[in-house]
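Please read the following report alongside the sequence and the three-dimensional view. It begins with one residue and then widens to the whole chain.

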Amino acid sequence: TQLGGELRVPVDGNLRLLLGSGWQHRWYREPSFDDRFLVASIGLAYADATWDGSVRLLHGERSVGGQSVQHQTGGLVDIARAVTPTVSAAAVLQVAQLTHPERLRGADGWFAQALVGPRLTLDHLTQLQLIAGPIAQTAQEGFNDLQGWRGLAVLATDILPGAELVFYAGVTTLAARAPDPLFEVRRTARDLEARLDATLRQVNVLGFTPTFGATWLLSLIHISEP
């Protein structure tokens, strides 16, 4: 289950102040594996005939089985520049510091991703965006060092009256290995994700426009030893 909201406050002309928060929870048959993520953000958004972008500072906390296991603090930049009336160049850049409780201190490190690609305006409110690029995560213990690639396709359309539909399809591939060659262990993971969100533009709830979504996620993990 995922809930979230963002308040956009006009500041000056094309500039907006962004205040947001989110809550994500995954339930398992064994409650000790329940995974929850809370995030709060503040930022600025700007849009005109050429540029459309936002900058956010985020802080999040992840807990498993009711115990805090990770804090994330960083920034997220989402920007697009129009090249022609129908084509824009887009980029998503994110950097976050990862900190953990004392018992997990060896996993402290950084997360970063840089995704770029085209954004095509196919019709009045229909857009197709294709972005891909490298992602990485570092840690004091090398087995948690991750490197890989992420690709994402997003199609937004208003084919239904009063509602905007957004389709997501993505693939993420990560690889890691132990730092000590005497105990060489390689780990690879691949996530396949499909998601559909529906935004009801003609519905207003306390000043917010609700969005409903469904996600399908398949995670494949392979561990090998010499």
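## A buried arginine and its surroundings

Arginine 119 is buried, its relative accessible area being 13%, where buried means under 20% relative accessible area, exposed means over 50%, and partly exposed covers the values in between, for a 1.4 Å probe and protein chains only. This is a predicted model, in which local features need pLDDT of at least 70 and side-chain atom pairs count only at pLDDT 80 or more, while totals for chains, interfaces and linings use all residues. Residues are numbered from 1 along each chain as its sequence is written, and side-chain values use heavy atoms, with hydrogens and water left out.

The side chain of arginine 119 meets that of aspartate 52 in a salt bridge, at 3.9 Å from N to O; the term stands for a side-chain nitrogen of Lys or Arg within 4 Å of a carboxyl oxygen of Asp or Glu. This pair links distant parts of the chain, since arginine 119 belongs to strand β7 and aspartate 52 to strand β4, 67 residues apart. Aspartate 52 counts as partly exposed, at 41% relative accessibility. Strands here are DSSP runs of E with at least two residues, helices are runs of H or I with at least four residues, and both are numbered from the N terminus.

Arginine 119 also has a place in the strand pairing, as the bridge partner in β7 of serine 88. Strand β6 (residues 87–99) and strand β7 (residues 109–121) run antiparallel and are joined by 12 bridges, and two strands are said to pair if DSSP finds at least two bridges between them.

## The sheet as a whole

The protein has 0 helices and 12 strands, so that a reading along the sequence gives the pattern β-β-β-β-β-β-β-β-β-β-β-β. These strands form an open sheet of 12 strands in the order β1-β2-β3-β4-β5-β6-β7-β8-β9-β10-β11-β12, with antiparallel pairing. The edge strands are β1 (2–12) and β12 (211–224), each of which pairs on one side only. From one strand to the next the twist averages 15°, based on axes that are lines fitted to C-alpha atoms and on angles that run from 0 to 180 degrees between N-to-C directions. In general, strands of a sheet pair through backbone hydrogen bonds, either parallel or antiparallel.

Along its principal axes, the C-alpha trace of the protein spans about 60 × 35 × 35 Å. Buried residues make up 27% of the 226 residues. Among contacts between residues at least 6 apart in sequence, 43% join residues at least 24 apart, a contact being heavy atoms within 4.5 Å.

## Charged pairs

The structure holds 5 salt bridges, and the table sets out three of them.

| Pair | N to O distance | Relative accessible area |
|---|---|---|
| Glutamate 6 and arginine 8 | 3.4 Å | 27% and 49% |
| Arginine 62 and aspartate 35 | 2.7 Å | 32% and 15% |
| Arginine 119 and aspartate 52 | 3.9 Å | 13% and 41% |

Arginine 62 lies in strand β4 (residues 51–64) and aspartate 35 in strand β3 (residues 35–47), so this pair ties together parts that are 27 residues apart in sequence. Arginine 62 is partly exposed, whereas aspartate 35 counts as buried. Elsewhere, Glu6, Arg8 and Arg56 are linked in a network of salt bridges, and both glutamate 6 and arginine 8 are partly exposed.

## Aromatic rings and a residue of strand β3

There is 1 aromatic pair in the structure. The ring centres of tryptophan 23 and tryptophan 27 are 6.3 Å apart and the planes stand at 70°, so the pair is edge-to-face; rings of Phe, Tyr and Trp (its six-membered ring) pair if their centres lie within 6.5 Å, and planes under 30 degrees apart count as stacked, over 60 as edge-to-face and the rest as tilted. Tryptophan 23 is partly exposed, at 26%, while tryptophan 27 is exposed, at 53%. Arginine 195 lies over the face of tyrosine 168, at 4.6 Å from the ring centre, which fits a rule that asks for NZ of Lys or CZ of Arg within 6 Å of the ring centre and within 35 degrees of the ring normal.

Valine 39, in strand β3, counts as partly exposed at 23% relative accessibility. Leaving aside neighbours within four places in sequence, valine 39 is in contact with Gly20, Ser21, Gly22, Leu58, His59 and Gly60.
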